[in-house]
Amino acid sequence: MGEPTRTCIGCRQARPWGELVRIVLADSRVVVDEQRREPGRGAWVHPSRDCVEQADRRRAWGRALRAQGPVDAAAVIAFAERPV
């Protein structure tokens with residue numbers, strides 16, 4: 001069997017989870033879970049600026065993480081903008 005798949009909350013494409021980064025909610029902030037071990041509900045997004053911006057425009061962070069109220073996704077946006 002192959003690698004498990006997850007759906008990107010930005011582009012909505014199902015891809016192998018190795019191509020995506022997991023995000024979690026920590027104190028009303030969306031943070032990147034690089035080790036994929038943080039507790040709580042997680043969501044998945046491509047580590048590209050396009051997908052992160054799409055998720056931000058669609059306000060997908062709060063829905064995907066079932067947040068109560070607004071969330072701050074600045075850490076994920078900064079992560080996607082870092083040089084490779």
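Contact here means heavy atoms within 4.5 Å. In this predicted model, that yardstick gives a handy way into the surroundings of Asp33. Leaving aside residues up to four places away in sequence, Asp33 touches Arg22, Ile23, Val24 and Glu38. Asp33 belongs to strand β4, which runs over residues 29-33. With a relative accessible area of just 4%, Asp33 counts as buried, because the cut-off for that label is under 20%. One of its neighbours gets a closer look: the side chains of Asp33 and Arg22 make a polar contact at 2.5 Å.

Next come the cysteines. A disulfide is a covalent bond between the sulfur atoms of two cysteines. So how many disulfides does a search of the whole structure find? The count is zero. Take Cys8: its closest cysteine sulfur is the one in Cys11, and at 3.8 Å that is too far for a bond, since a disulfide needs the two sulfurs within 2.5 Å. Cys51 tells a similar story, as its closest cysteine sulfur also sits in Cys11, 3.8 Å away, and again this is too far for a bond. As for exposure, Cys8 is buried, with a relative accessible area of 0%, and Cys51 is buried too, at 8%.

Finally, the aromatic rings. The structure holds one aromatic pair. A ring can also have a charge for company: the charged end of Arg36 sits over the ring of Trp17, 4.7 Å from the ring's centre.

Notes
Residues numbered from 1 in each chain as written. Predicted model: local features only at pLDDT ≥ 70, side-chain atom pairs only at ≥ 80, totals over all residues. Heavy atoms only, no water. Buried < 20%, exposed > 50% of the residue type's maximum accessible area, 1.4 Å probe, protein only. Phe/Tyr/Trp six-rings, centres within 6.5 Å; stacked < 30°, edge-to-face > 60°. Lys NZ or Arg CZ within 6 Å of the ring centre and 35° of its normal. Helix = DSSP H or I, 4+ residues; strand = E, 2+ residues; numbered from the N terminus. Polar contact = N/O pair within 3.5 Å; in protein donor to acceptor, adjacent residues only side chain to side chain.
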